[in-house]
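Q: Please give a close account of a single part of this structure, and then explain how that part fits into the rest of the chain. A connected explanation, suitable for a first-year student, would be appreciated.

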Amino acid sequence: MSDERERDGEPQRSGQQQAGDGSDGEDQRERVNRELIELLNELRVALPGVQVLFAFLLILPFNPGFSRITSTERYVYFGSFIAAAIATALLIAPSSYHRIRFRAHDKEQMLFTSNRLAIVGMAFLALSISGVVFLITDFLFGEPTAAVITAAIAAWFAWLWYGLPLSRKLKDHADEEKAQRS
C-alpha cells in the first residue's frame with residue numbers, strides 16, 4: 001500500500017488526519033470501504049430523482065399538445081432528454097462497476113472512478129433539470145422569462161453542487177499552506 005492517502009481527490013500523507021473526516025483509527029482498507037459505502041448511499045439519493053425526470057421526459061412527446069411546441073422548445077426538450085439519459089447512465093455506472101469488479105481487489109480505483117462518474121452524472125442531471133425548467137417556464141410565461149429563470153436555476157445548481165464544495169476545497173488548501181508556512 002502506498003504512503004499516500006486520498007481525501008476528496010487530493011493526496012494525504014498516511015499520518016495526517018483531518019477533523020470530521022471519520023478516519024479516526026481507520027486503516028486504508030476501512031477508509032476505502034467506508035468511502036465506497038458513502039458514495040453508493042449518495043447515489044441512492046440522486047437516482048430516484050433522475051429516474052423520475054427521465055420517465056417524465058420519455059412520456060412528454062406522446063402527449064397531444066407536444067406537436068405544437070416551437071423549434072427552440074424541441075431542441076431544449078431533446079437536450080434535456082439526452083442529458084437525463086446520460087445522467088442516468090453515469091449515476092448507475094458505479095453500481096455496475098462494483099458488481100463487475102466484485103472481489104477484484106481494486107476498491108480504491110473503483111472508488112475514484114465511481115466518484116468521477118457521479119460528479120459528471122450530477123452535472124448532466126443539472127443540465128436536464130435546467131432544460132425542463134426552461135420548457136415549463138416558457139410554456140407558462142414565455143421565452144424571455146424562461147431564459148432568465150433557467151439561467152438563475154442553472155447558476156444555483158452550479159453554486160450548490162460545484163461552487164460551494166470547490167470554494168471550501170480552495171479554502172482548505174489555503175489554510176493548509178498557511179499552516180505549513182507557520
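A: Two residues are said to be in contact when heavy atoms lie within 4.5 Å. With that meaning in hand, the part chosen here is helix α2, in what is a predicted model. The buried residues of α2 pack against two other helices, α1 (28–59) and α3 (107–141).

The setting comes before the detail. The protein chain contains 4 helices and 2 strands, and along the sequence these elements follow the pattern β-β-α-α-α-α. Of the 182 residues of the chain, 32% count as buried. Among contacts between residues at least 6 apart in sequence, 61% join residues at least 24 apart.

Helix α2 covers residues 71–100. At 1.5 Å a residue, its 30 residues should span 44 Å, and the end C-alpha atoms are 42 Å apart, which agrees. The helix nevertheless bends by about 35 degrees at Ala93, and a proline, Pro94, follows within four residues.

Which residues of α2 are buried? They are Glu73, Tyr77, Ser80, Phe81, Ala83, Ala84, Ala87, Thr88, Leu90, Leu91, Pro94 and His98. A general property of helices helps in reading this list. An α-helix has 3.6 residues a turn, so residues three or four places apart point the same way.

Pro94 deserves a closer look. Its relative accessible area is 1%, and because buried means under 20%, Pro94 counts as buried. Setting aside neighbours within four places in sequence, Pro94 is in contact with Leu40, Leu43, Ser114 and Leu117. Leu40 and Leu43 fall within the range of α1 (28–59), while Ser114 and Leu117 fall within that of α3 (107–141). A further distance concerns Leu111, which is 17 residues from Pro94 along the chain; the C-alpha atoms of the two are separated by 8.3 Å.

The arrangement of the helices can now be described. α2 and α3 pack at an angle of about 155 degrees, with their axes 7 Å apart. Angles over 145 degrees count as roughly antiparallel, and α2 and α3 are therefore roughly antiparallel to each other. Their crossing is left-handed.

How do α1 and α3, the two helices against which α2 packs, lie with respect to each other? Their axes come within 10 Å and cross at roughly 25 degrees. Angles under 35 degrees count as roughly parallel, and α1 and α3 are therefore roughly parallel to each other. α1 passes α3 in a left-handed crossing.

Helix α3 also leads on to the end of the account. Its 35 residues should span 51 Å at 1.5 Å a residue, and its end C-alpha atoms are 49 Å apart, which agrees. Just after α3, Gly142 takes a positive phi of about 100 degrees. Helix α4 then occupies residues 143–181. With 39 residues, α4 reaches 53 Å from its first C-alpha to its last, close to the 57 Å expected, and it bends by about 45 degrees at Trp159. The buried residues of α4 are Ala146, Thr150 and Phe157, and these pack against α3.

In summary, the buried residues of α2 pack against α1 and α3, and Pro94, one of those buried residues, follows within four residues of the bend at Ala93.

How values were computed:
Residues are numbered from 1 along each chain as its sequence is written. This is a predicted model: local features need pLDDT of at least 70, side-chain atom pairs count only at pLDDT 80 or more; totals for chains, interfaces and linings use all residues. Side-chain values use heavy atoms; hydrogens and water are left out. Buried means under 20% relative accessible area, exposed over 50%, partly exposed in between (1.4 Å probe, protein chains only). The expected span of a helix is 1.5 Å times one less than its number of residues. The bend at a residue is the angle between axes fitted to the seven residues ending there and the seven starting there. Axes are lines fitted to C-alpha atoms, for helices over the stretch in contact, and angles run from 0 to 180 degrees between N-to-C directions. Angles under 35 degrees count as roughly parallel, over 145 as roughly antiparallel, 65 to 115 as roughly perpendicular and the rest as oblique. A crossing is left-handed if the near helix is turned anticlockwise from the far one by less than a right angle, and right-handed if clockwise.
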